[in-house]
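Hi,

Here is the structure I promised to pass on. Please have a look at it first, and then read my notes underneath.

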Amino acid sequence: GDFHSAVLKVAKGGDYERAIGLMGEMQRRGYMVNAVQYNACVNACARAKRWELAVALLKEAGPRADAVTYSAAMKACEKAAQHGAVAALWRRMRAFKIPPDLYCYTTVIRVMEKMGRPDEAVKMFYKMKSRGVQPDHVLYKLAVVCASRCEDPDTSFKLLYEMKDEARITPSMASFGSVISACARAGRWDDALILLLDMEPRFGVEPDIVCFNTTIDACGESRRPKEAMSLFNLLQRKKLQPNVITYNCLMKAYDRGGMPEKVLELLPEMLKANVRPNVVTYTTCIFAARDAGHPERIATLLSEMSDSNVKLDTFSYNTAISCARKAGEPRLAIQLFSRMKQDGVKCDIRTYNSAMSACGATRNMEAAIEILRDMEAPDSPVKPDVISYGACMSACQKAGDARMVLEVMDSMRPRGLEPDAICLRIAHLALTEARRYDDVRRIERELTERFPKEGLPGEGPGGRMQRERKYLGVERV
């Protein structure tokens with residue numbers, strides 16, 4: 001009796017080595033060690049993160065090990081990220097015909113989720129229920145997360161209502177958020193909206209701002225700006241404070257719904273509500289300025305970002321440069337490129353390619369060549385690719401300099417790059433316009449040999465001349 005109490009007391013205090021020593025002393029004196037003592041020692045090892053020792057004790061226990069022993073050993077292995085050991089213990093448990101308890105199932109299902117096997121986790125959950133083991137709120141929450149990651153909103157919905165109707169468990173806010181997110185990813189904005197509106201009357205849970213944000217985002221993904229705006233108004237009536245994510249989701253809904261003017265109207269509204277915009281906010285507004293036909297606002301928005309202490313990064317500038325060019329303002333795009341370099345913001349391959357495409361639109365061959373030569377410099381961190389050379393060739397072709405087109409194309413090969421079909425077509429167009437027919441035939445032969453399915457320029461759908469005229473290198477990034 002004294003040994004029994006001592007083992008339990010020492011193990012509970014966390015001194016697993018002494019507890020195991022006392023258990024060994026019991027055996028040497030002829031006392032029977034039962035499952036309770038083994039369970040206490042295995043639990044102590046689990047708390048001390050000694051998963052190998054926990055597994056060794058379980059095996060030593062042999063037939064005395066019960067579901068509690070296995071549960072403790074599995075938990076120790078899970079904490080040490082030894083997922084294979086958990087699976088091995090599960091198989092051993094089944095081989096010895098030991099019925100798993102709730103905690104064994106919880107550990108195995110959690111490990112399945114961590115291993116990226118949520119579909120198997122959901123199947124295990126329902127197998128557990130069929131065997132008469134009732135899940136608690138922790139396991140229900142885990143099952144909802146797994147079902148959501150399976151992109152299976154129907155099962156997620158089913159689990160939520162099972163929690164409420166069968167287990168009398170109120171789902172957590174995180175569970176609702178998981179299901180709404182699954183609906184958003186599946187493009188089922190209407191189901192996300194139904195669940196949000198059903199939370200309070202059906203489950204007695206007042207939706208928080210995160211649930212509203214996720215539902216607004218679901219509406220945005222499905223191009224439902226009116227529904228997104230209705231939700232925005234509803235959360236304000238519920239005295240919830242919109243945050244930057246709320247406004248970003250609403251902007252996204254307007255942007256996807258083809259309402260760029262509304263996007264731009266939201267920015268001053270955010271500032272008035274003392275919500276600080278972030279880089280996503282301004283990027284969305286830059287796209288909206290392009291789509292609304294206000295390219296002059298692109299540079300202004302970048303200045304507002306800087307004034308608001310929002311970091312101007314590579315993505316921000318790339319977005320602005322690309323939008324300016326696509327809005328028919330290539331000179332603005334070139335100015336933004338220069339400003340980016342002056343501000344010391346790192347340029348990437350897309351930056352350079354966009355800038356050269358803008359140079360092509362203004363027939364500024366010299367600027368395009370200068371950018372390409374900067375990329376070719378030995379100390380340049382960004383090296384040109386085929387698209388870069390194609391963009392520079394396009395600028396030379398638009399400037400009417402066929403000789404320079406060929407020179408740029410030929411400079412690719414020493415760098416281990418071969419001109420693609422688009423580069424060859426640009427060269428073909430430039431040489432045709434310059435009436436250099438010997439070179440035209442040479443390019444035609446290369447096109448035919450290397451890209452037989454493309455066809456020659458002007459010959460069928462694969463060879464229309466507008467391909468060259470529409471060429472903008474950044475489009476392929």
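Let me start with one serine. S148 is found in helix 9, which spans residues 137–149. With a relative accessibility of 3%, S148 counts as buried. A polar atom of its side chain lies 2.8 Å from the backbone oxygen of V144. Beyond the neighbours within four places in sequence, S148 is in contact with S156, S178, V179, A182 and R185.

Before going further, please keep in mind that this is a predicted model. The protein chain has a mean pLDDT of 89, and 95% of its residues reach 70 or more. Confidence is highest in helix 15 (residues 244–256), at a mean of 96, and lowest in helix 27 (residues 466–469), at 40. Over residues 460–477 the pLDDT stays under 50, and for that stretch the model has 51 contacts beyond four places in sequence.

Now to the cysteines. How many disulfides does the structure hold? The count is zero. For C150, the nearest cysteine sulfur is that of C146, 6.9 Å away, whereas a disulfide would need the two sulfur atoms within 2.5 Å. C150 is partly exposed, at a relative accessible area of 26%. C285 is in no disulfide either, and the nearest cysteine sulfur, that of C323, is 11 Å away. C285 counts as buried, with 0% relative accessibility.

The aromatic rings may be of interest to you as well. There are seven aromatic pairs. One of them is F176 with F203, an edge-to-face pair at 5.0 Å centre to centre, with 80° between the planes. F176 lies in helix 11 (residues 173–185) and F203 in helix 12 (residues 189–203), so this pair ties together parts that are 27 residues apart in sequence. Both rings belong to buried residues: F176 has a relative accessibility of 0%, and F203 has a relative accessible area of 2%.

F337 and Y352 also form an edge-to-face pair, with 5.9 Å between the centres and 70° between the planes. Here F337 sits in helix 20 (residues 330–342) and Y352 in helix 21 (residues 349–361), 15 residues apart. F337 and Y352 are buried.

Two last items on rings. F125, Y126 and Y140 form one aromatic cluster. F203 comes up again too, as R202 lies over the face of its ring, at 5.7 Å from the ring centre.

Happy to talk any of this through whenever it suits you.

Best wishes

Key:
Residues numbered from 1 in each chain as written. Heavy atoms only, no water. pLDDT = per-residue confidence, 0-100. Helix = DSSP H or I, 4+ residues; strand = E, 2+ residues; numbered from the N terminus. Contact = heavy atoms within 4.5 Å. Buried < 20%, exposed > 50% of the residue type's maximum accessible area, 1.4 Å probe, protein only. Polar contact = N/O pair within 3.5 Å; in protein donor to acceptor, adjacent residues only side chain to side chain. Phe/Tyr/Trp six-rings, centres within 6.5 Å; stacked < 30°, edge-to-face > 60°. Lys NZ or Arg CZ within 6 Å of the ring centre and 35° of its normal.
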